[in-house]
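I open this notebook to set down, entry by entry, what I looked up. My notes begin once the sequence and the structure are on the page.

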Amino acid sequence: MSAEPILEPVMMQQDPIDLLIAIEEASVAPIRPEYVEGMAIVPPTPNDNHNDGAFELGFQFRSAGFRLVGMGNGYRAAHKDGRTMALLIPDFYVRRRRPTELDESYRKAHKGWYPVDMIALVGEVTSTNHETDTGPKFRTYAAAGVPVYVLVDRHAKTAHCYTDPVLPGDDPTEAYYNTDTKVDLGAPLPLPAPYPTLDTAPFLDA
């Protein structure tokens, strides 16, 4: 059974990147924490249905010719003044490009985190911390301007394709996606061109 996520408020005097490094070093088990809306998050260990389904969705993108689909990289979003806004490790993503020398320099400068503008499409599959993906991460991806957010909500048994990100002001917690294409889990999920329609049936075997 997955543990509940650990949420810790972050003091703004410390760069969130350094905080996450400290959390990783203090853990007796391998972890990869994230930072969203001022909180350090240690995600629960995903189960097999989560991992198998996320991999299957990535495979569907690969089969449709999207070579730049991937899993496992961490991405950093920044405020307008350059401060770290979020540190995210999506379950899968489609990149705009392979990392350039500039991207690799950014990753080195930010201790392992690539710039979020590399992402054209991002995907999350909920675990026991489904509120993180449907709330803070939803708003953060929109605030970062990620064009497409694919969410498989195993708790609500729905799948979503969010598009048209909107940041109405300077507060990233007010960001949202203007368009939500929603289907019941198991039904085909249409995505905007040029992406394929996704088969969500593998998640029915939870």
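**Salt bridges**

I looked first at the charged side chains and noted that E34, E124 and K137 are linked in a network of salt bridges, a salt bridge being a side-chain nitrogen of Lys or Arg within 4 Å of a carboxyl oxygen of Asp or Glu. I keep in mind that this is a predicted model, in which local features need pLDDT of at least 70 and side-chain atom pairs count only at pLDDT 80 or more, while totals for chains, interfaces and linings use all residues. Residues are numbered from 1 along each chain as its sequence is written, and side-chain values use heavy atoms, with hydrogens and water left out.

Searching the whole structure, I find 8 salt bridges. In one of them the side chains of E34 and K137 meet at 2.9 Å, N to O. E34 lies in strand β2 (residues 34-36) and K137 in helix α5, so this pair ties together parts that are 103 residues apart in sequence; helices (H or I, at least four residues) and strands (E, at least two) are DSSP runs, numbered from the N terminus. I noted that both E34 and K137 are buried, where buried means under 20% relative accessible area, exposed over 50%, and partly exposed in between (1.4 Å probe, protein chains only).

R97 took a second entry, since I found its side chain in a salt bridge with D103 (2.8 Å, N to O) and also in one with D117 (3.0 Å, N to O). R97 lies in the loop between β7 (92-95) and α3 (101-109) and D117 in the loop between β8 (114-115) and β9, so the pair ties together parts that are 20 residues apart in sequence. I recorded R97 as partly exposed, with a relative accessible area of 25%, D117 as partly exposed at 45%, and D103 as buried at 4%.

**Helices**

Is helix α5 largely enclosed or not, I asked, and why? I found that 7 of the 8 residues of α5 (residues 136-143) are buried, so the helix is largely enclosed by the rest of the structure. Among the buried residues of α5 are F138 and Y141, and the helix is followed by G145, whose phi is positive, near 80°.

In helix α1 I looked up L20, which counts as buried at 2% relative accessibility. The C-alpha atoms of L20 and I41, 21 residues apart along the chain, are separated by 8.9 Å.
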